[in-house]
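The exercises below are meant to be worked with the sequence and the model open side by side. Try each task before reading the solution that follows it.

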Amino acid sequence: LLLEAGTQSQSAVEQSLRDQETCHDSASYNQFDIPLYWSAAASSHRRDYHWPIELLGKAVGGSGLLNAMIYIRSLESDWNTWNITGWDYETVLKEYKALEDYHGDYATNRRGKNGPIVTSVPLITDTVAQLFIKSAVNAGFKETPNFNEKRLGVGHYEFNVRHGLRDSVAAAYLGRAAVPKNLHIETGVTVTRLLLLGVAERSRAAKSRAIGVEYVQDSRIGQFIVKEAGGEVILSAGAILTPQLLANSGIEG
């Protein structure tokens, strides 16, 4: 069961802002999916291109449907500084590689090739970007062809673009991929908190486990409970709403 607070697709979000009655399905493309048009759309002052903050990312696939298609890994130094077992960079690197279908001028053993989401170098580079890199080099920074590896420095971003179109999470996992027959998607469902089984006191939180969620849909409050043995509740609500839901559930960091 996949719960989405927003709509089925980004196109549906865009349509709703324009107050139109019909919505495109999840396979539709719009101007936000075209890289060479995106910058013009993002810098436009038209109302329908500047979405209210409460709508950002509210569609199946999340904010990957409306960001700038930039793909950038976290710094290796960040992971190693935390010194948490199982969360070192080499462990996380395996997950990065599993996600990537890297399309670049060169390949190394630190890039993935058969993952679900394309990671590509820019086919067209902006003149201003080239001048920016040149000025950074003149200022003493090292130019790098790929700062998603160990090479830190200044260079061009990589993008999630396939055949000239945005390669989103929704497209990768619900478009091209064989969607599991047992997957059910509910849109317009806002999760309010996790349902915990066991003791929820902070000092004994380790004895609790999530067994479901409470939600609001069409002004109705309901619950979804995991009934399958070994079933899981996966919380993926972004950098802001994920900790908010944890706090709403009585889980404190």
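**Exercise 1. The largest pocket**

Which helices and strands each supply at least two residues of the lining of the largest pocket?

Solution. The model is a predicted one, and its secondary structure comes to seven helices and 11 strands.

Step 1. Going along the chain, the elements that each give at least two residues to the lining of the largest pocket are β1 (2-4), α6 (169-176), β9 (190-197), β10 (209-217), β11 (220-225) and α7 (238-248). The largest share of that lining, seven residues, is contributed by α7.

Step 2. The lining of this pocket, whose volume is about 2200 Å³, is made up of 47 residues, and those lying nearest the centre are L2, L3, I234, S236 and A237.

Step 3. Sorted by chemical class, the lining residues comprise 29 nonpolar, 12 polar and six charged.

**Exercise 2. The two sides of a helix**

Find which residues of helix α4 are buried, and work out why they line one face of the helix.

Solution. Step 1. Helix α4 spans residues 89-99, and its buried residues are Y89, V92, L93 and Y96.

Step 2. When the helix is viewed down its axis, these buried residues of α4 fall within an arc of 110°, and they therefore line one face. The spacing agrees with a general rule: an α-helix has 3.6 residues a turn, so residues three or four places apart point the same way.

Step 3. On the face of α4 that is turned away from the buried side, one finds the exposed residues K94 and E95.

Step 4. The cover over the buried residues of α4 includes β2 (70-71), α3 (76-82) and β3 (100-103).

**Exercise 3. One residue of α4 and its surroundings**

Is L93 buried or exposed, and which residues is it in contact with once its neighbours within four places in sequence are left aside?

Solution. Step 1. L93, which lies in helix α4, has a relative accessibility of 5%; since buried means under 20%, L93 counts as buried.

Step 2. With the neighbours within four places in sequence set aside, L93 is in contact with R73 and R110. The C-alpha atoms of L93 and G112 are separated by 9.5 Å, the two residues being 19 residues apart along the chain.

**Exercise 4. A buried threonine in a strand**

Determine which residues T119 touches, not counting those up to four places away in sequence.

Solution. Step 1. T119 is located in strand β4 (residues 117-120), and at 1% relative accessibility T119 counts as buried.

Step 2. Apart from residues up to four places away in sequence, T119 touches Y71, E100, D101, Y102, H103, R111, E158, F159 and N160.

**Exercise 5. Positive phi in a loop**

Where does D218 lie, and what is its phi? Carry out the corresponding analysis for S219.

Solution. Step 1. D218 lies in the loop between β10 and β11, and although D218 is not a glycine, its phi is positive, at about 55°.

Step 2. S219 is likewise found in the loop between β10 and β11; S219 is not a glycine either, yet its phi is positive, at about 65°.

Step 3. Exposed means over 50% relative accessible area. D218, at 62% relative accessibility, therefore counts as exposed, and S219, with a relative accessible area of 76%, is exposed as well.

Terms used. Residues numbered from 1 in each chain as written. Predicted model: local features only at pLDDT ≥ 70, side-chain atom pairs only at ≥ 80, totals over all residues. Heavy atoms only, no water. 1 Å grid on protein atoms, 1.4 Å probe; cavity = no way out; pocket = protein on both sides within 12 Å on 5 of 7 lines; lining within 4 Å. Points joined across faces, edges and corners; volume = space filled by probe spheres on them. Helix = DSSP H or I, 4+ residues; strand = E, 2+ residues; numbered from the N terminus. Nonpolar A, V, L, I, M, F, W, Y, C, P; charged D, E, K, R; others polar. Buried < 20%, exposed > 50% of the residue type's maximum accessible area, 1.4 Å probe, protein only. Arc of directions from axis to C-beta. Contact = heavy atoms within 4.5 Å.
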